[in-house]
Amino acid sequence: MVNAGSRSKSCFTCRERRVKCDLQTPYCQRCTQAGRLCPGYPEPWDVMLRMQNKYAEDKVRTRVQKARIERMEQARREAATLPRAVHITAEVHSWNRFYQDYAIHSGITLFNVLPRFYTSSSSTCFQEALHAVTLISSARQLQQSGLMMRARRHYGEAITALNFALDDTVLTADDSVLVALLLLSLFEMIVPEYFRKDTDFQCHIHFHGALLLLRWRAEQARGSELDESCFIFLSHICLMSMFLDNEPFDVKWLALEKFAAPWIKRPLLEPILSWAVDFKRRARAQVTTSHPPSRIEVIQLIKDGIAISEDLDATAASVKSSSNPDLPSHQQPTAFNNMFEVSTKTTKAIAKSLYHTVRYHVVELVSSLVALVEEGGGTRHEFDYQFDPSMRHMILEQVCKEICAVLEPGNGHNMEQDQTGIAYRAYSIFWPLLVLLFSSSVGKEKRAWAQEKLRFIGEISGLGLATWAAGGKR
């Protein structure tokens, strides 16, 4: 049996022979009597060193074992008290941000219905389009190129899934396919480099597709409140485009006017806006005609424009917010061609600013007609109308007031403190801000103010449309 205990004190010969040594010094008698050479005994310090090493080894082993047991106990305690980390994907996190920016209390019906479609049963093209829009919005807000790449990948997958869905009549009839088309339009508005230099926004590439899908759904008796909301949304985009681009016979607008469906139970525009569009067409025809316009017709047109301006002012003043913002959407009052549910003071200010913006466009046209008439001589008393040129500045001040109410809705709160819904607010007042930015009646200080507002809301909301406009593109 191998000795695993203390080091032997025997002489080297006895220890090698594994016999008992008599331990006599200086030489072992057992070796001497047997005629063997006794080499002697180990040094005392060697025996002591072995004993100390063994003691130290035992202490270290004991300490290591104790530390291992303590770590295992601590791990068991932590496992019993702390839950496992929950991994949230970038898509889910971006949707939460997007919901706060666009959907919560937005007043825009199309944005309000998005949470309803955020389910696993929605079409693939909708899910991919929603991921693309939410990720691109977060990517611009957080300035993360990785999210931008993921957004573009989802956009490509959404286009592929959309083409597949449109080849199947069953899939095409799904409501989420229609919403996916409009989400792809929103994607183009968020990415500023997709805008063309001729101000024909890239989002319009999905306009005709959405209109064709609405027509197909109407033919298949698939119309619903969603179709009407989407149609109103498209009408709003085209109305803004028509006034800003100075194109009275915009092709997209003419397509909307010719559109017919069983669920359309009202005119394309509410009366006051319809009058404004008709006035714009007649006024532009008089100003741009190659033949000398009829003086009497122009004077009558000026009177019509002044009357429309007064009606728009009265309509803006009549906008009231709901007394109960928690009522269902269909029970909320609406304004500006039913585009907005006026459930909060913010949406009330948005609607008022849009009516004032259209009024400013009308007054600008009246000013050009007045200049046209007065070039031929005569006085305003002879022309039998009263027009104050300073009215444009007064309207612009009203627009600025409403913009401030939209961007700074709380008492003492500014945009940095209250960013909930900032993206839908920025989108809704984009038209009024553009008027301030590009109008010839606006001074440098007011124009710089509008430019700074657009730049700031573009940064914090991720809305590339605002950033693009703040760069002075026109």
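**Exercise 1. Work out whether A261 is buried or exposed, and place it in the fold.**

Start with the area: A261 has a relative accessible area of 14%. Buried means under 20%, exposed over 50%, and partly exposed is in between, using a 1.4 Å probe and protein chains only. So A261 is buried. Next, the location: A261 sits in the loop between α13 (251–258) and α14 (271–288). Helices here are DSSP runs of H or I with at least four residues, strands are runs of E with at least two, and both are numbered from the N terminus. Last, a partner: E219 is 42 residues away in sequence, yet the C-alpha atoms of A261 and E219 are 7.8 Å apart.

Before going on, a word on the source: this is a predicted model, where local features need pLDDT of at least 70, side-chain atom pairs count only at pLDDT 80 or more, and totals for chains, interfaces and linings use all residues. Residues are numbered from 1 along each chain as its sequence is written, and side-chain values use heavy atoms, leaving out hydrogens and water.

**Exercise 2. Check the length of helix α7 (residues 124–142) against its expected span.**

The expected span is 1.5 Å times one less than the number of residues. For the 19 residues of α7 that gives 27 Å, and the end C-alpha atoms are 26 Å apart, which agrees. Now look at burial: 16 of the 19 residues are buried, so α7 is largely enclosed by the rest of the structure. Just after α7, Q143 takes a positive phi of about 55°.

**Exercise 3. Find the residues with the most contacts inside the largest nonpolar core.**

A nonpolar core is a set of buried Ala, Val, Leu, Ile, Met, Phe, Trp, Tyr and Cys residues joined through side-chain atoms within 4.5 Å. The largest one has 133 residues, and L239 and W431 have the most contacts inside it. Helix α16 (residues 345–374) gives the most to this core, with 14 residues. Contact means heavy atoms within 4.5 Å. Leaving aside neighbours within four places in sequence, L239 touches W253, L269, L273, V277, F336 and W431.

**Exercise 4. Decide how many disulfides the structure has.**

A disulfide needs two cysteine sulfur atoms within 2.5 Å. The whole structure has zero. Take C14: its nearest cysteine sulfur, that of C11, is 3.4 Å away. Then C21: its sulfur is 3.5 Å from the closest one, in C28, too far for a bond. Both cysteines are buried, C14 at 0% relative accessibility and C21 at 8%.
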